[in-house]
Amino acid sequence: MDKLKRYVECYIPITTCNLQCHYCYITRQNKWKNEIIPIEHTPNEVARGLSKKRLGGKCLINMCAGGETLLCPDLVKYVKALLEEGHYVMVVTNGTIDKAFTEFTTLSKELLRHLIFKFSYHYLEHHRLGVTDRFFGNIKKMREAGCSFTLEITPNDELIPHIPEIKEEVKRYLGALCHITIARNDVEPSIPILTELSDEEFYETWGQFDSNLFNFKKEIFGKYQGGFCYAGEWSVYVHLGTGVMTQCYSGRVLDNIYENQDRPLHFEAVGNRCNTPHCYNGHAFLALGDIPELETPTYAQLRDRQDADGNNWLNEEAKSFLSCKLSESNKEYSKIKKWMVNRKK
């Protein structure tokens, strides 16, 4: 059974998107029609920079762009290179780039079993553009190819009147309800929920989807995490354009994956000095175990669903891997090293 060594959050530097969701910062800042900028490093360079040797073992690597991830030129080749390196790869997508999904089906069955798609369900845009059948068809195509998937909606106030139709539609296509995430307002220093509803009204409205993902995000959203966090050691954030590797979204710069690729990467935990108001993406970082003392569901429990026929969204290999906690493959810092991390400003 494969064990999880590290979690790597990879940002793909394109903001171009073929959808214009009103709640998305890409649309609001009119970045959706920006020129597509390729990753100026080859798939082999990315795979070498994030090799099992440099990272210490098999990792969970998440690929996400500012816009639509699959508009990135040769994205399938980058994913293939990371899968061939031995990692498990997740791709965040709006599910409408048909050509890319067809290309994915040409990969070997062995690689496809370690590929997970995080499909974003943009109900209003799908219906405006008439691509609903294509969207669910691509989910079916990847599922039949042996990949795992998860499906989530970004809740927004304009979508509330359509909740009954959404539930009916997703049950008809997939035999199960979708997951719900939480949209955030990054403009405000406290990073609150992006809604005009009160928190109580928001949670009551979207809680009807019985989503483990939503329930856990509700539990941690807005709550500062003061425990010793191993982000920077057990998980990192990588900009695939520049190669810069940081502890987390706002953490210190640690290294560059494209420089001196024959040497080990430098890791260093955040510790008790997190500088964000709350771990808004803790459904990944915390569920995977960056703060080991914090009791959480497994990441698999937050992402999986079972349809009416008893079929899971995650295949057995992916489910097992996403059920791992980072502490299982990593030793904790010594007291001296923890003290040295926490004394730094």
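**Exercise 1. The nonpolar cores**

Task: In this predicted model, find which residues touch the most other members of the largest nonpolar core.

Solution.
Step 1. The largest nonpolar core has 72 residues, and M63, F104 and L151 touch the most other members.
Step 2. Helix α4, residues 75–84, gives the largest share of this core, with six residues.
Step 3. A second core lies apart from this one; it has 34 residues, including M90, W234, L288 and F321.
Step 4. Now take M63. Neighbours up to four places away in sequence are left out, and the residues that M63 then touches include C10, I12, T69, L75, Y78, V79 and L82. M63 also touches V89, M90, V91, V92 and L240.
Step 5. As a general background, nonpolar side chains in soluble globular proteins tend to be buried together.

**Exercise 2. Two packed helices**

Task: Describe how helix α8 and helix α9 pack, giving the angle and the distance between their axes.

Solution.
Step 1. A pair of packed helices is described by two values, the angle between the axes and the distance between the axes.
Step 2. Helix α8 covers residues 132–144 and helix α9 covers residues 163–174. Their angle is about 40 degrees, and their axes are 11 Å apart.
Step 3. The crossing of α8 and α9 is right-handed.
Step 4. On the α8 side the contact is made by T132, D133, F136, I139 and R143. On the α9 side it is made by E169, V170, Y173 and L174.
Step 5. Sorted by class, the contact of α8 with α9 has five nonpolar, one polar and three charged residues.

**Exercise 3. Cysteines**

Task: State how many disulfides the whole structure has, and explain why C274 is not bonded to C229.

Solution.
Step 1. The search of the whole structure finds zero disulfides.
Step 2. The closest cysteine sulfur to that of C274 is in C229, at 6.6 Å.
Step 3. A disulfide needs the two sulfur atoms within 2.5 Å. The sulfur atoms of C274 and C229 are therefore too far apart for a bond.
Step 4. C274 is partly exposed, with 28% relative accessibility. C17 is buried, with a relative accessible area of 15%.

**Exercise 4. Positive phi angles**

Task: For D74 and I191, give phi, the place in the chain, and the class of accessibility.

Solution.
Step 1. D74 is not a glycine, yet its phi is positive, about 60 degrees.
Step 2. D74 is in the loop between β2 (59–65) and α4. D74 has a relative accessible area of 45%, so it is partly exposed.
Step 3. I191 is also a residue other than glycine with a positive phi, near 50 degrees.
Step 4. I191 is in the loop between β6 (179–180) and α10 (199–206). The relative accessibility of I191 is 10%, so I191 counts as buried.

**Exercise 5. Buried residues in loops**

Task: Is G86 buried or exposed, and which residues does G86 contact? Treat A269 and L159 in the same way.

Solution.
Step 1. G86 is in the loop between α4 and β3 (88–93). Buried means under 20% relative accessible area; G86 has 9% relative accessibility and therefore counts as buried.
Step 2. Neighbours within four places in sequence aside, G86 is in contact with K52 and K58. G86 and K52 are 34 residues apart in sequence, while their C-alpha atoms are 7.2 Å apart in space.
Step 3. A269 is in the loop between β9 (253–256) and α12 (282–288). A269 has 1% relative accessibility, so A269 is buried.
Step 4. Beyond its neighbours within four places in sequence, A269 has contacts that include F228, C229, Y230, A231, G232 and E233. Q247, Y333 and V341 are also in contact with A269. A269 and N281 are 12 residues apart in sequence and 17 Å apart in space, C-alpha to C-alpha.
Step 5. L159 is in the loop between β5 (148–153) and α9. With 3% relative accessibility, L159 counts as buried.
Step 6. Not counting residues up to four places away in sequence, L159 touches Y123, L124, I153, T154, I166 and W206.

**Exercise 6. A buried arginine**

Task: Where does R303 lie, and which residues does R303 touch?

Solution.
Step 1. R303 lies in helix α13, residues 299–303.
Step 2. R303 counts as buried, at 3% relative accessibility.
Step 3. With residues up to four places away in sequence not counted, R303 touches K118, F149, T150, E152, H179, L213, H283 and W313.

Definitions and conventions. Residues are numbered from 1 along each chain as its sequence is written. This is a predicted model: local features need pLDDT of at least 70, side-chain atom pairs count only at pLDDT 80 or more; totals for chains, interfaces and linings use all residues. Side-chain values use heavy atoms; hydrogens and water are left out. Axes are lines fitted to C-alpha atoms, for helices over the stretch in contact, and angles run from 0 to 180 degrees between N-to-C directions. Helices (H or I, at least four residues) and strands (E, at least two) are DSSP runs, numbered from the N terminus. A crossing is left-handed if the near helix is turned anticlockwise from the far one by less than a right angle, and right-handed if clockwise. Contact means heavy atoms within 4.5 Å. Ala, Val, Leu, Ile, Met, Phe, Trp, Tyr, Cys and Pro count as nonpolar, Asp, Glu, Lys and Arg as charged, and the others, Gly among them, as polar. Buried means under 20% relative accessible area, exposed over 50%, partly exposed in between (1.4 Å probe, protein chains only). A nonpolar core is a set of buried Ala, Val, Leu, Ile, Met, Phe, Trp, Tyr and Cys residues joined through side-chain atoms within 4.5 Å.
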